[in-house]
Amino acid sequence: MRLFRQLLVLSIAFLSFSAVAQEPRLGQEFTVLERPQLTDSGKKVEITEFFGYFCPACNAFEPYFEEWIKKQGDRIVVKRVHVNFHELVTQQKLYFTLEAMGKVNEYQLKTFNAYHIERNRLSTDAEVMKYVEKVGLDKKKFADIYSSFSIQSKVNRATQLMSDYKINGVPTVAIDGRFIVSPADLFAKSKVRDGSHAGLVVMDWLVDKVYKEKNGAAATAAPAPAPAKKK
């Protein structure tokens, strides 16, 4: 994992930010679904991240994605879908159980670390429960939800969403059920001067576009982060 991060940083460092200096291009930096999916986010923009705990690129992307979410304020609604790759249904059930418990924000990065740093494969129920016990979650409550019909329904729903959104790799981000951005691809293309990555810049542009469509041309962009206080 350390080698992957080093190679990722090196590949980014030697590429320019010119790829996102202009308006993102359809078919280059993003694509459009042939069949747009219904969303229920009202005036906000629905963001759906397709990911997997097993995925090195998802692990690398997650901290940047979480910071990006904070920057968007109340303009967006975020949904996550753990994909059904490599038959790791246990990881899907783990994520959807954390979601049902309202613990995703607290445990998302910890779960990535369990797989990529601590080498817990999370590929069996026993490995999942070992992780649950280690991080201090209510083991009985977790186990009851983990084995419930509602979690199996979410696993089945994830398979349907992957088909609807034509997902063949992760991480992939869908915006407003229409636009598809692949940060896994854009991560390796360029890095802009402020330290953010090209995929996030494209996502910014698309969120602005959709938010204005939903709220009128006068709708404001995401508020800029407050300047750091001088010590």
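Two strands pair if DSSP finds at least two bridges between them. The exercises below use a predicted model.

**Exercise 1. Place strand β4 among its neighbours, then look at its hairpin and its two faces**.

Step 1. Start with strand β2, residues 45-51. Four bridges join β2 to β4, and the two run antiparallel. Pairing takes at least two bridges.

Step 2. Pick out one bridge. Phe50 has Thr172 of β4 as its partner.

Step 3. Turn to strand β5, residues 179-181. Three bridges tie β5 to β4, again in the antiparallel sense. Here Val173 has Val181 of β5 as its bridge partner.

Step 4. Look at the hairpin of β4 and β5. Three residues lie between its strands. Asp176 takes a positive phi near 60° in this hairpin.

Step 5. Check the faces of β4, residues 172-175. Thr172 and Ala174 are buried on one side. Val173 and Ile175 are buried on the other. Both faces are covered.

**Exercise 2. Decide whether Thr90 counts as buried or exposed, and find its contacts**.

Step 1. Locate the residue. Thr90 is in helix α3, residues 89-100.

Step 2. Apply the cut-off. Buried means under 20% relative accessible area. Thr90 has 11% relative accessibility, so Thr90 counts as buried.

Step 3. List the contacts, leaving aside neighbours within four places in sequence. Thr90 touches Leu122, Ser123, Thr124, Asp125, Val128 and Tyr146.

**Exercise 3. Describe three of the 17 salt bridges in the structure**.

Step 1. Take Lys79 and Asp40. Their side chains meet in a salt bridge of 3.0 Å, N to O. Lys79 is in strand β3, residues 76-82, while Asp40 is in the loop between β1 and β2. They are 39 residues apart, so the pair links distant parts of the chain. Lys79 is partly exposed, with a relative accessible area of 32%. Asp40 has 61% relative accessibility and counts as exposed.

Step 2. Take Glu62 and Arg80. Their closest N and O atoms are 2.7 Å apart. This pair also links distant parts of the chain: Glu62 is in helix α2, residues 56-72, and Arg80 is in strand β3, 18 residues away. Both Glu62 and Arg80 are buried.

Step 3. Take Lys209 and Glu213. Their closest N and O atoms are 3.3 Å apart. Both lie in helix α9, residues 198-215. Four residues separate them, about one turn of the helix. Lys209, at 32% relative accessibility, counts as partly exposed. Glu213, at 45%, also counts as partly exposed.

Step 4. Widen the view. Lys209 and Glu213 belong to a network of salt bridges with Asp176, Arg178 and Lys214.

**Exercise 4. Classify the ring pair of Tyr53 and Phe112, one of 13 aromatic pairs**.

Step 1. Read the geometry. The ring centres are 5.1 Å apart and the planes stand at 80°.

Step 2. Apply the cut-off. Planes over 60 degrees apart count as edge-to-face. The planes of Tyr53 and Phe112 are at 80°, so this pair is edge-to-face.

Step 3. Place the partners. Tyr53 is in the loop between β2 and α2. Phe112 is in helix α4, residues 104-116, and lies 59 residues from Tyr53. Both Tyr53 and Phe112 are buried.

Step 4. Add the company. Phe51, Tyr53, Tyr95, Phe96 and Phe112 form one aromatic cluster.

**Exercise 5. Find which charged residues lie over the faces of Tyr211 and Tyr107**.

Step 1. Over Tyr211 lies Arg75, at 5.3 Å from the ring centre.

Step 2. Over Tyr107 lies Lys110, at 4.7 Å from the ring centre.

Key. Residues are numbered from 1 along each chain as its sequence is written. This is a predicted model: local features need pLDDT of at least 70, side-chain atom pairs count only at pLDDT 80 or more; totals for chains, interfaces and linings use all residues. Side-chain values use heavy atoms; hydrogens and water are left out. Buried means under 20% relative accessible area, exposed over 50%, partly exposed in between (1.4 Å probe, protein chains only). Contact means heavy atoms within 4.5 Å. A salt bridge is a side-chain nitrogen of Lys or Arg within 4 Å of a carboxyl oxygen of Asp or Glu. Rings of Phe, Tyr and Trp (its six-membered ring) pair if their centres lie within 6.5 Å; planes under 30 degrees apart count as stacked, over 60 as edge-to-face and the rest as tilted. A charge sits over a ring if NZ of Lys or CZ of Arg is within 6 Å of the ring centre and within 35 degrees of the ring normal.
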